[in-house]
Amino acid sequence: MDVRETLARMVQEKYHRPAAECSAAQLYAAVLDFTRRQMEEKPRNAGKKKMYYLSMEFLIGRLLACNLINLGLYAQVDGFLRENGSSLAEIEDAEPEPSLGNGGLGRLAACYLDSAATLGLPVDGVGLCYHFGLFRQQFADNKQAAQKNPWIEADSWLEATGKRYRVAFGNATVQAVMRDIVVPGYENGANRLHLFDLESLDESLVPSGGIAFDKKAVTKNLTLFLYPDDGDEAGELLRVYQEYFLASAAAQMILEEAEARGSNLHDLDAYVVIQINDTHPSLIIPELVRLLTLRGLPQAKAAGLVANLCAYTNHTILAEALEKWPLRFIRRVAPQIVPVIRELDKAVKAQYPDKALAIIDSKNVVHMAKLDMHYGFSVNGVAALHTEILEQSELADFYKIYSKKFNNKTNGISFRRWLLAANPPLAKAVEGWIGPGFKQFAGELEHLKSLQKDNRVLESLLDIKMQAKHRLAAFLKANTGVVVDANSVFDIQIKRLHEYKRQQLNALWLIRQYLAIKAGQKPVRPLTMIFGGKAAPAYVVAQDIIHLILCMQQLVNNDAAVSPWLKVAMVENYNVSAAEKLFPACDVSEQISLASKEASGTGNMKFMLNGAVTLGTLDGANVEIAEYVGEDNIYIFGESSDKVIELYAQKAYDPLPFYQEDSIGRLVDFIVSRELVAIGDRKCLARLHRELIAKDWFMTLLDAQSYFAAKDRALADYENRAAWAKKMLANIAGAGFFSSDRAVAEYERDIWRLR
Ligand code: NBG
């Protein structure tokens with residue numbers, strides 16, 4: 001096929017004019033058609049046994065560039081566009097970004113689909129087709145407002161499959177329609193992402209301007225939003241409805257496909273593996289048992305089969321994410337699975353009288369993680385430290401009885417998206433230095449280590465970083481209105497807003513820097529502090545932290561004595577597309593969670609791969625990053641996870657003594673200073689101030705001094721540009737382990753065993 005000729009013809013047929021006369025949106029739509037056709041021609045990864053990655057979230061991001069890279073067509077398509085006065089980078093902005101995920105968990109799912117397809121494994125994703133996704137974030141009055149985020153257009157990656165499944169609820173029956181997105185592997189076959197949509201969905205339930213809707217109208221609202229507000233009972237019930245909708249449609253589809261591949265259902269575990277991504281899809285377990293018994297299998301046999309084919313990944317130790325549903329909720333949503341859950345629980349209780357192990361507790365609450373651990377053959381955490389914490393404390397009761405089920409799978413990221421697509425200049429330079437092998441075998445990045453003393457390499461690393469900072473500066477100007485200096489240090493914290501991630505700690509450092517400059521202590525080089533992330537609408541403290549950062553942004557950037565030395569830019573509606581611009585341009589990567597609380601983190605990996613140096617606690621995958629780069633190439637601070645776990649166990653943490661130290665207290669008090677209250681909302685600021693002093697559940701003040709010292713050290717080191725470039729190189733060279741190809745290969749070797 002001649003790519004240019006085909007594209008020219010397709011554009012002409014679609015728009016009756018030559019490409020040079022088409023708008024970016026028209027070119028995008030034509031290239032989309034072209035790419036979809038190429039993807040459909042890819043053979044589907046196949047095999048007797050198939051793996052289904054079940055997840056409420058798939059944060060796939062824009063697909064055009066990555067799909068073209070995987071098809072090996074990027075350069076040719078870009079060439080065609082350039083000949084016609086455009087480029088891929090230019091038309092890319094016409095692609096709406098689906099926001100089918102919240103953060104790391106959903107993005108991980110997307111990276112794993114890419115890697116599984118690349119490794120030729122028959123692995124399909126299964127999730128929901130939310131029309132308005134997670135909300136779109138807008139800033140007004142220094143606060144976050146939530147809007148809907150529609151992404152489904154006439155021209156889209158979605159394909160109709162014609163498949164429909166009936167899902168019966170207690171009070172209604174609905175149809176789940178299956179829509180597919182093809183997932184092409186890098187120079188390999190393709191898989192599918194199946195997204196179930198509610199046939200009777202009614203988008204008009206959501207008035208424009210906001211995200212409120214009738215949460216009780218489940219036959220019309222199920223696939224409107226990801227994570228609708230669950231602050232009340234109707235919201236909680238809606239979550240259970242969504243979860244059962246996914247579980248039931250998925251179970252039916254999986255059985256249908258297994259039979260088509262030759263299973264007689266009694267041997268289902270030889271045909272199917274299901275990875276349950278956090279507890280949200282756990283209802284697949286009772287639903288499969290129910291369907292199998294309806295097909296004539298005895299209950300015990302069905303339960304045994306299901307326990308042999310389900311595997312559970314835990315993505316957090318935060319209690320709020322280990323779901324527990326009152327049995328009465330499940331009875332309302334899907335009464336037919338209640339007897340099944342009771343039977344499963346009864347069998348557990350007969351074997352293990354210990355109350356801590358029961359699926360249904362004495363208050364008639366169903367513990368989803370416990371269901372997964374009893375009726376699954378594998379339980380994994382997502383970084384070495386996280387798995388250790390699961391085994392030794394959070395899930396210790398289960399580790400005692402099921403130690404063989406437990407295993408670790410440290411997360412990974414797709415190098416195609418986070419290096420090849422997001423940072424072409426760096427990818428090209430690396431290829432020039434060590435050859436193209438790293439694109440398929442990420443471990444080859446290690447060869448970069450031998451170039452540590454090569455000044456030309458170090459200089460071009462700095463140069464590539466500078467170019468990326470210029471590109472980000474243009475993006476920040478458009479997105480936030482803030483004009484930043486590419487010569488300043490770019491310090492970036494991008495991730496969901498949550499107290500355990502401690503954006504508030506970073507904000508205290510910002511206050512400290514602001515006050516220092518006000519007092520006449522100018523730094524040697526200006527600094528740009530960049531933030532990005534959404535806060536759950538019902539999470540008040542997280543909203544208050546956003547408010548503080550935005551107020552500081554206004555205060556700092558408008559102060560003529562300070563702004564030449566310090567700028568703040570909080571990206572609005574942080575998403576995958578913004579991330580692709582942010583990661584390549586970062587100097588200092590903020591990974592400052594309270595030790596023990598960040599299960600893994602994956603942004604930390606994207607930063608290191610793009611030559612940023614981590615400033616972080618020994619938490620999640622930071623621990624492994626530190627091992628791979630060596631202590632000279634990372635800035636570690638703060639109390640250990642052991643110490644933190646002990647403080648929680650003994651209820652021994654009190655922020656007050658820290659607050660009483662003047663060097664910290666004056667920063668905390670600045671939150672309610674005259675300057676800030678004049679800009680912001682006194683109530684929000686006072687609430688945050690009080691929270692830090694009276695509760696500080698995630699121990700911000702505990703690590704403040706050591707954080708400040710480590711950050712000061714990093715900024716001082718930055719001035720030795722050659723030494724810093726070596727740190728950058730060491731980070732890129734050490735990143736190979738964090739490829740999702742490695743992670744998925746481990747899942748295959750230890751859990752899925754598809755081959
Ligand atoms: C998140 C963790 C991250 C981790 C990702 C992917 C949830 C519930 N968990 O630390 O907070 O990197 O999962 O495993 O979103």
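How far is an N or O atom in the side chain of Tyr500 from an oxygen atom of the ligand? In this predicted model, the answer is 3.1 Å. His315 also reaches a ligand oxygen, with a side-chain N or O atom 2.6 Å away, and a polar side-chain atom of Asn411 sits 2.9 Å from an oxygen of the ligand. On its own the ligand has 380 Å² of accessible area, and the protein covers 92% of that. The shell is a mixed bag: 5 nonpolar, 6 polar and 3 charged residues. Of these 14 residues, the nearest are His315, Asn411, Glu598, Ser600 and Gly601.

Away from the ligand, salt bridges come into view, and the count is 40. One of them joins the side chains of Arg179 and Asp197, N to O, at 2.8 Å. Arg179 belongs to strand β6 and Asp197 to strand β7, so this pair ties together parts 18 residues apart in sequence. Arg179 is partly exposed at 22% relative accessible area, while Asp197, at 4%, is buried.

Another salt bridge pairs Asp741 with Arg416, again with an N to O distance of 2.8 Å. Here the partners lie in helix α31 (Asp741) and helix α16 (Arg416), so the parts tied together are 325 residues apart in sequence. Both Asp741 and Arg416 are buried.

Arg512 and Asp712 form a further salt bridge, their closest N and O atoms 2.8 Å apart. This one links helix α19, home of Arg512, to helix α29, which holds Asp712, across 200 residues. Arg512 is partly exposed at 22% relative accessibility, and Asp712 is partly exposed at 33%. Finally, a network of salt bridges links Arg44, Lys50, Asp124, Glu257 and Arg261.

Notes:
Residues numbered from 1 in each chain as written. Predicted model: local features only at pLDDT ≥ 70, side-chain atom pairs only at ≥ 80, totals over all residues. Heavy atoms only, no water. Near = heavy atom within 4 Å. Polar contact = N/O pair within 3.5 Å; in protein donor to acceptor, adjacent residues only side chain to side chain. Areas by Shrake-Rupley, 256 points an atom, 1.4 Å probe, with all protein chains shown as cover. Nonpolar A, V, L, I, M, F, W, Y, C, P; charged D, E, K, R; others polar. Salt bridge = Lys/Arg side-chain N within 4 Å of Asp/Glu carboxyl O. Helix = DSSP H or I, 4+ residues; strand = E, 2+ residues; numbered from the N terminus. Buried < 20%, exposed > 50% of the residue type's maximum accessible area, 1.4 Å probe, protein only.
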